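I set out to record what could be read from the coordinates of this model, beginning with its sheet and ending with its backbone exceptions.

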Amino acid sequence: MKRILLLLAFSATFIGSAQNITLKKGVVIDSLVVNDTIPETFSLYLPKKFDVSKTWPVVFVFDMNGRGRQALAMVSAAAEEQGYVLAASNNISDTLSIAKNILITSRMFNTVTTMLPIRKNGIYTSGFSAGGRFSTLVPAFIKGVEGVIACGASVANIEVLTSRNPFHFIGVVGDEDFTYPEMLTIEKILSRLKFPNQLLVFDGGHEWPNTENLSKALKILTLAAMAKGYVPRDEAYIDVSYTEDFVTVNRLYSENKPLLADSWLEEMSEIYQPYVALDSIKTSRKTLRKSRLFREQNRTQNSLNLKESLIKEEYNYYLEEDIITYNYNNLGWWKYQMEELQKFQKSPEVLQQKLGKRLEGYVKALVSDNVDVLSAETPVDGEALNFLWMLKTVIEPDNFDSYLKIISYTAKTDDYGTALFYLEELLEKGYANRSELYALENTALLRITPEFNELVEKYLKEARYTIIEE
């Protein structure tokens with residue numbers, strides 16, 4: 001039988017009236033109203049052991065597309081294990097200004113902390129990618145945020161960090177993620193600024209960490225709260241956690257991942273320093289770093305780090321030049337670069353494979369960021385955007401949206417030859433949405449041409465020859 005929690009919430013955010021709110025435990029609850037006067041909602045997760053007689057830590061999880069329910073679904077299993085409440089806005093958006101997103105966040109904070117028994121000094125933020133970056137900004141604008149778990153994302157703005165308002169930063173990133181090198185750099189900067197911080201590295205790419213890694217991140221926040229006296233010290237919890245982490249280190253080393261094992265030992269020395277003598281950790285790390293496997297991989301990784309930095313500088317330089325000059329002739333060079341990255345990824349050396357994946361992710365993110373910047377300008381430089389859409393077909397050949405954007409733009413500028421070329425490229429890739437194709441913006445004259453309809457009939461078996469009134 002499902003347990004139901006009945007809460008009686010009194011708050012100014014609810015126009016000062018008492019409301020009965022029935023909340024289920026152990027499931028993500030969607031579309032809870034933030035305020036009766038504002039059309040904003042949030043999602044909520046309460047662990048099964050939630051009890052109103054105790055105070056609880058809360059993690060506010062951010063998704064910059066306002067998908068609160070989906071964001072909480074990624075973290076709920078870890079929150080259940082570690083005993084954390086979760087909340088996520090359904091109205092946060094990367095199309096809004098930072099100021100507006102902060103106001104939305106603040107209203108959600110007020111509602112959640114008023115309606116639930118949230119522990120003082122137990123408020124945290126988190127998110128993945130863009131949501132992770134935004135989560136690092138929140139402590140600068142909203143007081144009382146104790147820590148941040150940024151997944152696949154670095155600190156959004158180093159300039160807003162101040163030693164007068166430090167928060168506990170935990171980065172969680174895959175070693176194939178294009179943000180990995182930047183997060184290594186940020187770790188050093190935060191340490192210099194005296195911010196408590198850990199970087200948890202897993203074997204993977206630009207993706208949400210699995211439950212194990214998210215649970216480890218939450219566990220670190222709990223251990224830090226115990227060290228500061230915010231919650232009672234639990235010796236059994238500390239012992240179990242310490243043992244589990246050593247098991248993780250041994251597993252990583254047995255899987256021939258000494259760099260990841262060393263990274264975790266380094267973080268353990270910071271996490272457990274308030275609780276145990278560090279002799280075992282120091283001895284284990286010293287032994288590991290003397291091993292032939294570690295020394296070989298560490299030497300290779302250092303060499304690849306330099307190569308990665310130089311290649312990224314080259315990408316940045318040429319992309320800037322190509323956008324300014326509309327250098328369509330350089331698309332061939334970019335195609336060659338993607339082929340080179342595929343060679344890295346097919347290398348028998350694991351570290352080179354990871355390098356190739358990081359660089360591929362970096363190029364895709366670099367182009368997407370430039371698309372976003374140009375799209376936000378007034379007036380929009382259509383020719384520069386068109387170059388970037390063409391580049392996207394090189395680096396992401398299965399992204400149909402890029403082809404459609406090119407067809408729309410080149411039809412608008414009466415460049416039917418280019419439009420038809422990318423139409424055939426699109427259809428060869430397996431695109432089959434005929435109705436969308438015939439409704440594509442700016443193509444009214446193009447889509448009644450024999451050439452257009454011949455291509456549609458060739459690949460989709462049936463074409464529409466009649467003129468569509470707009």
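The entries below follow the order in which I looked things up, and the model they concern is predicted.

**Entry 1. The sheet**

I began with the strand order. The sheet is open and built from 8 strands, arranged as 3-4-6-5-7-8-9-10, with mixed pairing. I then asked which strands stand at the edges. Strand 3 and strand 10 (197-202) do, and each has a single partner strand, so one side of each lacks a neighbour in the sheet. For the geometry, I noted an average twist of 25 degrees from one strand to the next.

**Entry 2. From strand 3 to strand 6**

I followed the order from the edge at strand 3. Residues 28-35 form strand 3 and residues 38-45 form strand 4; the two pair in the antiparallel sense over 5 bridges. The connection between them is a hairpin of 2 residues. As a register point I took Val28, whose bridge partner in strand 4 is Tyr45.

On the next step, strand 4 is joined to strand 6 (residues 85-89) by 4 bridges, and the two run antiparallel. Here I recorded Ser43, which has Ala88 of strand 6 as its bridge partner.

**Entry 3. Strands 8 and 9, and the surroundings of Cys151**

I next looked up a pair with the parallel sense. Strand 8 (residues 145-151) and strand 9 (residues 168-174) pair in this way over 5 bridges. Within the pair, Ile149 is opposite Ile170 of strand 9.

Cys151 also belongs to strand 8. Is Cys151 buried or exposed? Its relative accessibility is 0%, so I entered Cys151 as buried. I listed its contacts, leaving aside neighbours within four places in sequence: Ser126, Gly127, Phe128, Ser129, Val172, Trp208, Pro209 and Leu214. I also noted a C-alpha separation of 8.4 Å between Cys151 and Ile170, which lie 19 residues apart along the chain.

**Entry 4. Helix 8 against helix 9**

I turned to a helix pair. Helix 8 covers residues 279-290 and helix 9 covers residues 292-325; their axes come within 5 Å and cross at roughly 70 degrees. Angles from 65 to 115 degrees count as roughly perpendicular, and the two helices are therefore assigned to that class. Which residues make the contact? From helix 8 they are Leu288, Arg289 and Lys290, and from helix 9 they are Arg292, Phe294 and Arg295. By character, I recorded 4 charged residues, 2 nonpolar and no polar ones in this contact.

**Entry 5. Backbone exceptions**

I then went through the backbone angles. The peptide bond from Thr378 to Pro379 is cis, with omega near -5 degrees. Pro379 lies in the loop between helix 11 (350-375) and helix 12 (382-395).

Asn121 is not a glycine, yet its phi is positive, near 65 degrees. I placed Asn121 in strand 7 (residues 118-128). With a relative accessibility of 28%, Asn121 is classed as partly exposed.

Lys461, likewise not a glycine, has a positive phi of about 75 degrees. I found Lys461 in the segment after helix 16 (450-460). How exposed or buried is Lys461? Its relative accessibility is 68%, and a value over 50% counts as exposed, so Lys461 is entered as exposed.

Terms used
Residues numbered from 1 in each chain as written. Predicted model: local features only at pLDDT ≥ 70, side-chain atom pairs only at ≥ 80, totals over all residues. Heavy atoms only, no water. Pairing = 2+ DSSP bridges. Axes fitted to C-alpha atoms, helices over the stretch in contact; angles between N-to-C directions. Parallel < 35°, antiparallel > 145°, perpendicular 65-115°, else oblique. Contact = heavy atoms within 4.5 Å. Nonpolar A, V, L, I, M, F, W, Y, C, P; charged D, E, K, R; others polar. Buried < 20%, exposed > 50% of the residue type's maximum accessible area, 1.4 Å probe, protein only.
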